[in-house]
Amino acid sequence: MLFTAAAVVALAAALRVSAVPAPVEAWVSSLTNMSASDLSALAPYTQMARAAYCDPSKVTGWQCGDACNAVPGVQITTTGGDGDSVQYYYVGYYPTDNSVVVAHQGTDPTQFLSDLTDADIPMENLNSTLFPGVDSSVQVHKGFADEHAQTADIILSAVKSLISSTGATMVTLIGHSLGGALAELECMYMHLNLPSNIAVRGRTYGTPRVGNAAWASFFDSSISDFMRVDNEKDPIPICPGRFLNYSHVQGEVHIVQTDYAVECPGDDDATDAQCTISTVPNVADGDILNHLGPYQGIYIGTIYCT
Ligand SMILES: *[C@@H]1O[C@H](CO)[C@@H](O)[C@H](O)[C@H]1NC(C)=O
Ligand SMILES: *[C@@H]1O[C@H](CO)[C@@H](O)[C@H](O)[C@H]1NC(C)=O
Ligand SMILES: *[C@@H]1O[C@H](CO)[C@@H](O)[C@H](O)[C@H]1NC(C)=O
C-alpha cells in the first residue's frame, strides 16, 4: 500500500497523540470496582491537589517537597492567592499528559464543614460574562462562585498563554475541599471559554456539592472526563444537603479503604452501600479527619506540605 505524504504526517500525528494517556471515561452505569491501575493512576493528580496547599514561593519552580517530587517535570508559570481571602492556586504545564494543570487550595476542614451545614446557603445564577450562554435554571453556591470569580480572568489568560506556548491539548482542573468546588466550576468555565479542540477534565478530592440539579445535568452533558474522589467517612461530600436542592455531578469515586475504591453511577448514588451517601448518611456519621486522607496513601492539607 502506498502512503501519501499527507497520510504519513497524519499517521505520525496520530501516533504522537496516542503516546499521551487516553482520557479516562469516568461515567459508569452501575457500581464498579476501580482497578488497581486506575486507582494508582490518580496519584499524580492527588499530589498536585496536595501541592496546592504549599506556599506559592515553593510551588514556583516546583520545589514544594514530597508532593512536587512525586510528580516530576511540572512547569509552573503562575501562582497566586494569599491562603486566606483567596485560596492559593497555581497554573502550569504537565508534559506527561501534554496538559495545562490548574490547582486550587482548599480550606480549614472544620470551619468549612460548619459553613456548609449552615442553614442559609444561597445559590445564584452563574455570572453571564464569565459563563456565557448558560440557562437561567442553573444555579450554584454563591460563596463558591464569588471565590471562583476572584481569580477567573488571571487563570484563563495563564491557561491560554500556556496552550499557545506548549501546544497542550488538554486542561486539567484539580483541587481538594473548597479547592475541589473551585475546580468543578473552573471545568465549566474552561469548557465555555476555550476552543472546543482543548479537552477539559477534572480531578477533585473531598468536594462538597456545588450547585442544583440543573447545574449537575448541564455539567454532566458538558464535561465527560471528571472524577470526584471521596475518602471513607468524609462528611464534606454530603454537604450542602440534597434537601437544599443541591446535587453532585457525575464521577464519584469512593475510597472504601486502602486498595479498595469504587466508581459510583449517577450524580448522587444513594443506593450502593459502598458509595458516600450510604456510608455517611448524616454529618454526625462522618469523620472529618477522613477529609484529609489518606487518598490511597496520600494526605492533603496545610500540614502535608513537606
Ligand atoms: C470488589 O472489591 C471488593 C473488595 O476487594 C470485593 O470484596 C468484591 O468481591 C469486588 N467485587 C467485584 C464485582 O469484583
Ligand atoms: C461578572 O464578571 C465580570 C468579569 O469578571 C465582572 O466585571 C462583573 O462585575 C460580574 N458581574 C456580576 C453581576 O458580578
Ligand atoms: C427546592 O426546589 C423546589 C422545586 O423548585 C422548591 O419548591 C423548593 O422551595 C426548593 N427548596 C429549597 C430549600 O430551596
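This report walks through a predicted model, from its confidence to its ligand shell, one helix and some backbone oddities.

**Ground rules and confidence**

Residues are numbered from 1 along each chain as its sequence is written, while chains are lettered from A and ligands numbered from 1 in the order in which they are written. Since you'll care about filters: local features need pLDDT of at least 70, side-chain atom pairs count only at pLDDT 80 or more, totals for chains, interfaces and linings use all residues, and side-chain values use heavy atoms, with hydrogens and water left out.

On pLDDT (the predictor's confidence in each residue, from 0 to 100), the chain has a mean of 92, and 91% of its residues reach 70 or more. The weak spot is residues 1–24, where pLDDT stays under 50. For that stretch the model has ten contacts (heavy atoms within 4.5 Å) beyond four places in sequence.

**Around ligand 2**

The residues around ligand 2, meaning those with a heavy atom within 4 Å of it, are N127, T129, L130 and D153. On its own, ligand 2 exposes 360 Å², and the protein buries 33% of that; the areas come from the Shrake-Rupley method with a 1.4 Å probe, and for residues only the protein chains shown count as cover. A polar side-chain atom of N127 sits 2.4 Å from an oxygen atom of ligand 2, inside the cut-off for a polar contact (a pair of N or O atoms within 3.5 Å; within protein, one must be able to donate a hydrogen and the other to accept it, and residues adjacent in sequence count only if both atoms are side-chain atoms).

Sorted by class, that shell has one nonpolar, two polar and one charged residues. Here Ala, Val, Leu, Ile, Met, Phe, Trp, Tyr, Cys and Pro count as nonpolar, Asp, Glu, Lys and Arg as charged, and the others, Gly among them, as polar.

**Helix α3**

Helices (H or I, at least four residues) and strands (E, at least two) are DSSP runs, numbered from the N terminus. Helix α3 covers residues 43–51, and because seven of its nine residues are buried, it is largely enclosed by the rest of the structure. Buried means under 20% relative accessible area, exposed over 50%, and partly exposed in between (1.4 Å probe, protein chains only). The buried set is Y45, T46, Q47, M48, A49, R50 and A51.

Take Q47 from this helix: its relative accessible area is 10%, so Q47 is buried. Beyond its neighbours within four places in sequence, Q47 is in contact with D66, A67, A70, V71 and I298.

**Backbone oddities**

Most residues other than glycine have a negative phi, and most peptide bonds are trans. Here are some exceptions:

| Site | Backbone value | Where |
|---|---|---|
| C239 to P240 | cis, omega near -20 degrees | P240: loop between β9 (225–231) and β10 (252–257) |
| G293 to P294 | cis, omega near 5 degrees | P294: segment after α10 (276–279) |
| N98 | phi near 45 degrees | loop between β3 (89–94) and β4 (99–104) |
| N245 | phi about 70 degrees | loop between β9 and β10 |

As for burial, N98 has 15% relative accessibility, so it counts as buried, whereas N245 is exposed at 56%.

P240 also figures in a long-range pair: its C-alpha atom is 10.0 Å from that of D120, although 120 residues separate them along the chain. D120 belongs to the loop between α6 (109–116) and β5 (123–125), and it counts as exposed at 61% relative accessibility.
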